[in-house]
Amino acid sequence: MSSRSLPYSVQDVHYDNAKFRHRSPFKVITQALVTSRIRYSCGGCSIGKFLMLLMIVGLTYLVMHRSPDHSASNVLSNGAGNGEHKYVKEGVSRIHRIWRKPPRLPPQLPPDEERNFRSSPEEQRLYWVSRQQKVKEAFIHAWSGYRDYAMGYDELMPLSQRGTDGLGGLGATIIDSLDTAIIMGADEIVIEAVSWIENKLMERIEKKGQVNLFETTIRVLGGLLSAYHLSGGDNVTTGDIGIPMTLKGVKSDILLEIAKNLGDRLLSAFTSSPTAIPFSDVVLHDRSAHPAPDGLSSTSEVSTLQLEFNYLSKVSGDPKYGSEAMKVLEHFRTLPKVEGLVPIYISPHSGQFHGENIRLGSRGDSYYEYLIKVWIQQKNSGSQLNYLYEMYEEAMRGVRHLLVRKSIPKGLVFVGELPYGSKGAFSPKMDHLVCFLPGTLALGATKGITRKKAEERNLLTLEDLENLKLAEDLAKTCFEMYAVTSTGLAPEIAYFHVEGDSGGGLDGGNKSSEYIDDILIKHNDRHNLLRPETVESLFVLHRITEDPKYREWGWQIFEAFEKYTKIDSGGYTSLDDITVIPPRKRDKMETFFLGETLKYLYLLFGDEHVVPLDKFVFNTEAHPLPISWSKDSA
C-alpha cells in the first residue's frame with residue numbers, strides 16, 4: 001500500500017479545526033518551558049533564576065514587538081537579504097516551532113479505501129461490475145483453450161495444446177464449467193457445452209470403465225444437477241437464482257435424464273459394500289464397484305456425496321439415491337470420535353475408522369463441510385437431521401481446542417494436524433485445502449444470511465460469534481499464504497513457524513511481506529494448482545460480513561492468476577514453484593479452475609442476490625443446489 005503514514009479511522013475524517021485555535025505567545029512560551037525536560041544546572045541558584053527570567057522577557061519582547069516591515073514574509077516579499085533580516089526570520093521560525101505543533105492532516109487513504117469511502121453505492125457497484133467482467137473474460141479465455149485443443153477430454157494441457165483424461169474420460173471440464181457459464185451469461189459456451197453433453201455424454205457413461213465415486217459425484221453428477229436447476233428445471237424462476245432466464249434450446253429434462261442414468265450406476269458403490277460405507281471405485285459400463293487397492297476409503301470422499309444424491313432424489317421422485325447416501329452419515333453418527341474430529345481413513349469392510357491421522361486437509365476436509373451443508377439443505381424437512389448440526393458444532397469445538405494455533409512472530413491463526421492422533425505430536429502443517437474452513441464456519445454461524453440480519457434477529461449464539469471470529473482470522477491467514485510469495489499465489493501446503501521450529505531459507509520470496517518469517521514453504525510444496533478454496537471463503541465471508549476487504553483480496557489473487565498462469569494460446573496453467581519469478585509451469589488446467597475458482601471470483605464481485613446463500617448451498621465442487629423446500633418455508 002502506498003500510504004501507510006497515517007492509520008485510517010472513520011472518526012478521523014471529521015477532525016475539528018478548533019483544535020488548531022490560536023494561543024497567546026506568552027502562554028505558549030511559558031507552557032513550553034514548564035513542560036520541557038531540559039534542566040539547567042544553574043537553575044537552583046539566584047543567578048540562574050535571574051537569567052531564566054531575563055530570557056523569558058527577551059523572547060516575549062521579540063515576539064510581541066516585531067515590526068511588520070521586518071517580518072519574515074515582508075523580508076521575502078521585498079527581496080531583502082541582509083543579515084539583520086535573516087536573523088529576525090530565523091528567530092521567528094524557531095519561536096514558531098516552539099509554540100505550535102504542526103496541524104494534524106486529514107487522513108490519507110489507500111486508493112481502494114478512498115474509492116469505497118467517497119464513491120456512491122452505484123459507483124461502487126459499477127466498479128466491481130467492471131472487475132467481474134474481467135473474470136468473465138478469463139473464463140472465456142480458459143474455455144477457448146479447452147474447446148480448441150481438448151474438447152471432450154477431462155482436462156486441458158495448455159502448453160502442449162492437447163487434452164488428457166484423468167477423471168474417467170467423461171469430459172469433466174465441460175460439465176464442471178456449464179453452470180459457471182450459465183451464471184455468467186456466457187450463452188455461446190452454454191450452447192457448446194450442452195450440445196456436447198446431449199450428443200456424447202450418455203454414450204461415454206455407458207461405455208467407460210472405472211471412475212472414482214467421489215470425483216464423479218461432485219464434478220459430473222453435481223454439475224449436471226446444478227445446470228438442470230439453473231437452466232429452468234425444477235420450476236426455477238429468475239427470482240430464485242437472481243440471473244435472467246434467457247437460455248434458448250437448453251433441454252433441462254435431458255440433463256436430468258443423464259444424471260439419473262449416472263446416479264443409478266454410481267449406486268453400485270453403496271449396494272456392493274457389506275457396510276454403510278461405499279466402495280471407492282465404480283465400473284460404469286457394467287454397474288459394478290470395488291474398493292481401492294489398499295481396501296480403504298477416504299473419510300471425506302464417502303461423506304461428500306449426500307448433497308448431490310439428496311437433490312437427485314428430490315427432482316427424480318425416487319428416494320433411493322438420498323436414502324443410500326444418508327446411511328453413511330447415519331453410520332458416522334455412531335462411531336467414536338476425538339472431540340468431534342475423525343481419522344482420514346475408514347474401511348468399507350468393517351465400517352470402522354482406520355489409523356489415527358486427524359486433519360482438515362486432504363481426505364478429511366469435506367466431511368466437516370458436508371455436516372453443516374447437508375443440514376442446511378434439508379433443514380426444512382424436519383428435526384430428524386439435527387444430529388448433523390450437533391456433529392458439526394462438536395467438531396468445530398474440537399478444531400478450536402486441538403488444531404488451532406498461532407504462528408510466531410506475528411501471530412497468524414492457522415489449523416494444524418494431528419498425524420498420530422490427539423495423544424501424538426502436533427504438526428504446524430496446513431494444506432491450501434483447509435482454506436475452505438473460513439467460509440464453512442461463516443455459513444454455519446449465520447446459515448447464509450448476513451451477519452447484520454442475524455444480529456438483528458438475535459440468531460447468533462456465543463459459539464456462532466466465536467466461529468465467525470475464527471473464520472475471519474483464518475481467511476486472513478489464507479490470504480497471507482498468497483501475499484507472502486513472490487508471485488502472489490499460494491503454495492499447495494504451508495508450514496507455520498512455531499516455538500522450537502526453524503525455517504531458515506524456506507520463506508515465500510516476498511521479502512516485503514509482514515509475515516515472511518511466519519509462513520514456511522518446503523520445496524516439494526511450492527506448486528499451485530489454481531485451487532479455489534481461498535476465494536471460496538472470501539466469497540462467503542463477503543456475502544455474510546459485507547466487508548469490502550474480501551473483494552480487494554480476491555482481486556489481488558485474480559491479478560496474480562492473470563499475470564503468471566495465463567497462456568496466450570488459450571487456457572491457464574498450474575505452476576511448479578510460486579516462490580520464483582518467472583515461475584515454472586506445469587502444463588495442466590484443472591477442471592475446478594473453471595468450475596470453482598473463476599465462479600467464486602465472479603460471484604465475489606457481483607450482486608448478493610445472484611445465487612443467494614439463503615436459497616442455495618454449494619457442493620464441494622462449487623455447484624449450487626437449491627435448499628430443499630425453501631419456497632414452502634419462506
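Here are some exercises on the predicted model above, each with a worked solution.

Residues are numbered from 1 along each chain as its sequence is written, and side-chain values use heavy atoms, with hydrogens and water left out. Because this is a predicted model, local features need pLDDT of at least 70 and side-chain atom pairs count only at pLDDT 80 or more, while totals for chains, interfaces and linings use all residues.

**Exercise 1. Two helices**

Describe how α8 and α9 pack, and name the residues that meet.

*Solution.*
- Step 1: Find the helices. α8 covers residues 172-184 and α9 covers residues 187-207. Helices here are DSSP runs of H or I with at least four residues, strands are runs of E with at least two, and both are numbered from the N terminus.
- Step 2: Recall how such a pair is described. Two packed helices are characterised by the angle between their axes and the distance between the axes.
- Step 3: Apply this. The axes of α8 and α9 come within 9 Å and cross at roughly 145°. Axes are lines fitted to C-alpha atoms, for helices over the stretch in contact, and angles run from 0 to 180 degrees between N-to-C directions.
- Step 4: Add the hand. The crossing of α8 and α9 is left-handed, meaning that the near helix is turned anticlockwise from the far one by less than a right angle (right-handed if clockwise).
- Step 5: List the partners. From α8 come Ile174, Ile175, Leu178, Ala181 and Ile182, and they meet Ile189, Val190, Ala193, Val194, Trp196, Ile197 and Leu201 of α9. Contact means heavy atoms within 4.5 Å.
- Step 6: Sort them by class. The contact of α8 with α9 has twelve nonpolar, no polar and no charged residues. Ala, Val, Leu, Ile, Met, Phe, Trp, Tyr, Cys and Pro count as nonpolar, Asp, Glu, Lys and Arg as charged, and the others, Gly among them, as polar.

**Exercise 2. Empty space**

Locate the largest cavity and the second largest cavity, and say what lines them.

*Solution.*
- Step 1: Start with the idea. Rolling a probe the size of a water molecule over the atoms shows where empty space is left.
- Step 2: Fix the terms. On a 1 Å grid over the protein atoms alone, a cavity is a set of points where a 1.4 Å probe fits but cannot get out; a pocket is an open set with protein on both sides within 12 Å along at least five of seven lines; lining residues have an atom within 4 Å of a point. Grid points are joined across faces, edges and corners, and a volume is the space filled by probe spheres set on the points.
- Step 3: Count. The whole structure has three cavities of 30 Å³ or more.
- Step 4: Take the largest cavity, with about 90 Å³ of space. Its lining includes Lys373, Glu536, Tyr600 and Phe616. Two or more lining residues come from each of α19 (437-446), α22 and β14 (616-618). By class, the lining of the largest cavity has eight nonpolar, two polar and two charged residues.
- Step 5: Turn to the second largest cavity, of about 50 Å³. Among the residues that line it are Leu213, Pro278, Ser297 and Glu301. Its lining has six nonpolar, three polar and one charged residues.

**Exercise 3. An open pocket**

Describe the second largest pocket.

*Solution.*
- Step 1: The volume of the second largest pocket is about 750 Å³.
- Step 2: Of its 27 lining residues, Arg543, Glu546, Asp607, Glu608 and His609 are the closest to the centre.
- Step 3: α7 (121-150) and α22 (533-545) each give two or more residues to this lining, and α7 has the largest share, with six.
- Step 4: The lining of this pocket divides into eight nonpolar, nine polar and ten charged residues.

**Exercise 4. Backbone exceptions**

Find two cis peptide bonds and a positive phi.

*Solution.*
- Step 1: Know the background. Most residues other than glycine have a negative phi, and most peptide bonds are trans.
- Step 2: The bond from Ile408 to Pro409 is cis, with omega near 5°, and Pro409 sits in the loop between β9 (404-406) and β10 (413-415).
- Step 3: The bond from Ile581 to Pro582 is also cis, with omega near -5°.
- Step 4: Arg363, not a glycine, has a positive phi of about 75°.
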